[in-house]
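Let us walk through this structure from the whole chain down to single residues. Keep the sequence and the 3D view open side by side.

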Amino acid sequence: MKTIGLIGGMSWESSKVYYEYVNQMVKEQLGGSHSAKVVMTSVDFAEIEKLTFQGHWDKIGAIIANEAIKLEKAGADMVLLCTNTIHMVSDYITNSVTIPFYHIAEATGEAIKTKGIRKIALLGTKFTMEKDFYTKILEKTHGLEVVIPKPNEREIIHNIIYQELIHGMFTKASKEQYITIINRMKKAEDSVEGVIFGCTEIPLLVAPSDVAIPTFNTTKIHAQKAVTMALSK
């Protein structure tokens, strides 16, 4: 079994789910008392959050690259970044380590294609929804048509993530707002066939059973990719 390297802390609410998923998945596949081999490093999210809103992506990239180097030195056989938004600086990782880096959008695109879905909604932070570091992989590599919410809806989604979800707050009111946005995007104007939960905290708020179209939990998809590679010969 290969060792999975995780860069967490963005936020720790979702990072703990990564650890839970990879261990559950290894146990399901190998049985008995098996668990995943994991090396994890975790950043101070307050620092990352501040730099994000200041637009200092180069500084974030340097921090994340340093964490990836730590993982490689600690014996990790691969690197996963336990967040969607900070994949904006994924090039800093690939340029800093020799072990494989598995991009969350690549794994998500593969999962969507297996379901025969072509038109997909993307929910996440405004950085993930509005910049092209995520959508270009889904569109150019996997041939998907990505639809993002309207500007006012993006504001709602973004604010709930930063004001509530990363702090472990999951309210009924916020859940209903997300469901309303997804239901609107399912209708004639957008006609999306599924929705990507493109922020690792969103699946902690909205369950697949809450909406009438397929949902894609990027945290779970990313973790499954890591386990598949960890158990491959």
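What follows moves from the overall fold to two helices, then to backbone details and single sites.

The model is predicted. Start with the inventory: the chain has 10 helices and seven strands. Its radius of gyration is 17 Å, close to the 17 Å that the globule rule gives for 233 residues, so the chain is as compact as a globular protein of that length. Along the principal axes, the C-alpha atoms fill a box of roughly 50 × 40 × 35 Å. Of the 233 residues, 54% count as buried.

Now look at how the chain is connected. Take the contacts between residues at least 6 apart in sequence: 76% of them join residues at least 24 apart. The surface comes next. The chain exposes about 10400 Å², and carbon and sulfur atoms supply 50% of that area. The charges are 26 positive and 26 negative side chains. The centres of these two sets lie 4 Å apart.

Turn to helix α8, residues 151-163. At 1.5 Å a residue, its 13 residues should span 18 Å; the end C-alpha atoms are 18 Å apart, which agrees. Which residues of α8 are buried? They are E153, R154, I157, H158, I160, I161 and Y162. An α-helix has 3.6 residues a turn, so residues three or four places apart point the same way. Follow E153, I157 and I161, or R154, H158 and Y162, in the view; these buried residues belong to α8. The buried residues of α8 pack against four elements: α2 (45-54), β4 (119-123), α6 (126-130) and α9 (172-186).

That last partner deserves its own look. Helix α9 has 15 residues. From first C-alpha to last it reaches 21 Å, close to the 21 Å expected at 1.5 Å a residue. Its buried residues are S174, Y178, I179, I181, I182, R184 and M185. They pack against α8, and also against β4, β5 (145-147) and β6 (194-197). Strand β4 therefore appears in both lists, as a partner of the buried residues of α8 and of those of α9.Next, the backbone. Most residues other than glycine have a negative phi, and most peptide bonds are trans. Where is the cis peptide bond? A cis bond joins M10 and S11, with omega about -5 degrees. S11 sits in the loop between β1 (4-8) and α1 (12-30). S191 has a positive phi, near 55 degrees, and is not a glycine. This serine lies in the loop between α9 and β6. With a relative accessible area of 34%, S191 is partly exposed.

Now for the single sites. Begin with T52, in helix α2. Is T52 buried or exposed? Its relative accessible area is 3%, under the 20% cut-off, so T52 is buried. Setting aside residues up to four places away in sequence, T52 touches W57, I60, I86, F127 and Y162. Of these, Y162 is one of the buried residues of α8.

T85 lies in the loop between β3 and α4 (90-94). At a relative accessible area of 7%, T85 is buried. Beyond its neighbours within four places in sequence, T85 is in contact with W57, T125, F127, T128 and F133. W57 and F127 also touch T52. The C-alpha atoms of T85 and I104 are 10.0 Å apart, and the two residues are 19 apart in sequence.

Move on to P214 and T215. P214 is in the loop between β6 and β7, and T215 is in strand β7 (residues 215-217). P214 is partly exposed, at 40% relative accessibility. T215 is buried, at 18%. Leaving out residues up to four places away in sequence, P214 touches I117, E193, G194 and V195. On the same terms, T215 touches V195, F197 and P208. P214 also pairs with a distant part of the sequence: A121 is 93 residues away along the chain, yet 10 Å away in space, C-alpha to C-alpha.

Finish with G75. This glycine is in the loop between α3 (57-73) and β3 (78-81). Its relative accessible area is 37%, and G75 is partly exposed. Between the C-alpha atoms of G75 and N217 there are 28 Å, with 142 residues separating the two along the chain.

Note on methods. Residues are numbered from 1 along each chain as its sequence is written. This is a predicted model: local features need pLDDT of at least 70, side-chain atom pairs count only at pLDDT 80 or more; totals for chains, interfaces and linings use all residues. Side-chain values use heavy atoms; hydrogens and water are left out. Helices (H or I, at least four residues) and strands (E, at least two) are DSSP runs, numbered from the N terminus. The radius of gyration is taken over C-alpha atoms; the globule rule is 2.2 Å times the number of residues to the power 0.38. Buried means under 20% relative accessible area, exposed over 50%, partly exposed in between (1.4 Å probe, protein chains only). Contact means heavy atoms within 4.5 Å. Accessible areas come from the Shrake-Rupley method with a 1.4 Å probe; for residues, only the protein chains shown count as cover. Lys and Arg count as positive and Asp and Glu as negative; His and the chain ends are not counted. The place of a charge is taken as NZ of Lys, CZ of Arg, CG of Asp or CD of Glu. The expected span of a helix is 1.5 Å times one less than its number of residues.
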